[in-house]
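Got your viewer open? Here's a short walk through the model, one selection at a time.

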Amino acid sequence: SIYQLVAGMDTYTVSERQKALTYRFQSRAWNSLGAGEWSEWLEVSGSQVSLPPTPLSLTRVGDVTARSFNISWRMPSSASLLEFPVLHYQVELTSVSSTTLV
């Protein structure tokens, strides 16, 4: 697709980007005599979209009772969280059996 922008604009925003795609861009200027040369290509991978940072300080909180215990974590501050806030967390639990070595 080719988009025509108003003279004086030096920014174009890609909305509704898709993570699985790689985008290629180039630009050129026009005047009353015609078009100038195209710029070099710029590639932007949709995978460069910021994923949330890894949670920090996973810890057990409080006592371990016969029926339950709590874990806690905190998120590092990140500019990407402002644009793409965390929607939910996942906690993976596996049990480790204790064995006696003889």
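Leaving aside its neighbours within four places in sequence, which residues is Arg74 in contact with? Select Arg74 and have a look around: the residues it touches are Pro55, Leu56 and Ser57. Keep in mind as you go that this is a predicted model.

**Stop 1: around Arg74**

Stay with Arg74 for a moment. You'll find Arg74 in strand β6. Now add Leu58 to the selection and draw a line between the two C-alpha atoms: Arg74 and Leu58 are 16 residues apart in sequence, yet 7.4 Å apart in space. Is Arg74 buried, exposed or something in between? With a relative accessibility of 49%, Arg74 counts as partly exposed, because the exposed label is kept for values over 50%.

**Stop 2: the whole chain**

Zoom out and switch to a cartoon view. The protein chain has six strands and one helix. Follow the cartoon from the N terminus and the order reads β-β-β-β-β-β-α, so the helix comes after the strands. Next, try colouring by accessibility. How many of the 102 residues count as buried? Just 5% of them do. The chain exposes about 9,900 Å², and carbon and sulfur atoms supply 53% of that area. As for contacts with a separation of 6 or more, 23% of them join residues 24 or more positions apart.

**Stop 3: a salt bridge**

Now select Glu43 and Arg24, and show their side chains. The structure holds one salt bridge, and here you have it: Glu43 pairs with Arg24, with the closest N and O atoms 3.6 Å apart. Why does this pair link separate parts of the chain? Glu43 lies in strand β4 and Arg24 in strand β1 (residues 22-25), so the salt bridge ties together parts that are 19 residues apart in sequence. The general idea is that side chains of opposite charge can pair when their charged atoms come close. Arg24 counts as partly exposed, at 47% relative accessibility.

**Stop 4: Trp41 and the arginine over its ring**

Keep Arg24 on screen and add Trp41. What lies over the face of Trp41? That's Arg24, at 4.2 Å from the ring centre. So Arg24 turns up again here, after its salt bridge with Glu43. Trp41 is in the loop between β3 (34-35) and β4 (42-45). Leaving aside neighbours within four places in sequence, Trp41 is in contact with Arg24, Phe25 and Gln26. At 45% relative accessibility, Trp41 counts as partly exposed.

**Stop 5: two rings on β1**

Next, pick Tyr23, which is in strand β1. Add Phe25 and show both rings. There is one aromatic pair by the rule used here, and Tyr23 and Phe25 form it: the rings are stacked, 6.4 Å centre to centre, with 25° between the planes. The stacked label applies because planes under 30 degrees apart count that way. Tyr23 is partly exposed at 21% relative accessibility, and Phe25 is partly exposed too, with a value of 28%.

While Tyr23 is selected, try two C-alpha distances. From Tyr23 to Leu42, 19 residues along the chain, the separation is 8.1 Å. From Tyr23 to Trp41, 18 residues along, it is 10.0 Å.

**Stop 6: a nonpolar patch**

To finish, switch on the surface and select Leu58, Val64, Phe69, Ile71 and Val91. What do these residues form? They make a nonpolar patch on the surface, with about 490 Å² of accessible area together. You've already met Leu58, as the partner in the C-alpha distance from Arg74. Click on Phe69 as well: Phe69 is found in the loop between β5 (56-61) and β6 (70-74). Its relative accessible area is 47%, so Phe69 is partly exposed.

Notes: Residues numbered from 1 in each chain as written. Predicted model: local features only at pLDDT ≥ 70, side-chain atom pairs only at ≥ 80, totals over all residues. Heavy atoms only, no water. Helix = DSSP H or I, 4+ residues; strand = E, 2+ residues; numbered from the N terminus. Buried < 20%, exposed > 50% of the residue type's maximum accessible area, 1.4 Å probe, protein only. Contact = heavy atoms within 4.5 Å. Areas by Shrake-Rupley, 256 points an atom, 1.4 Å probe, with all protein chains shown as cover. Salt bridge = Lys/Arg side-chain N within 4 Å of Asp/Glu carboxyl O. Patch = residues over 30% accessible without salt bridge, like charges linked within 9 Å, V, L, I, M, F, W, Y side chains within 5 Å. Phe/Tyr/Trp six-rings, centres within 6.5 Å; stacked < 30°, edge-to-face > 60°. Lys NZ or Arg CZ within 6 Å of the ring centre and 35° of its normal.
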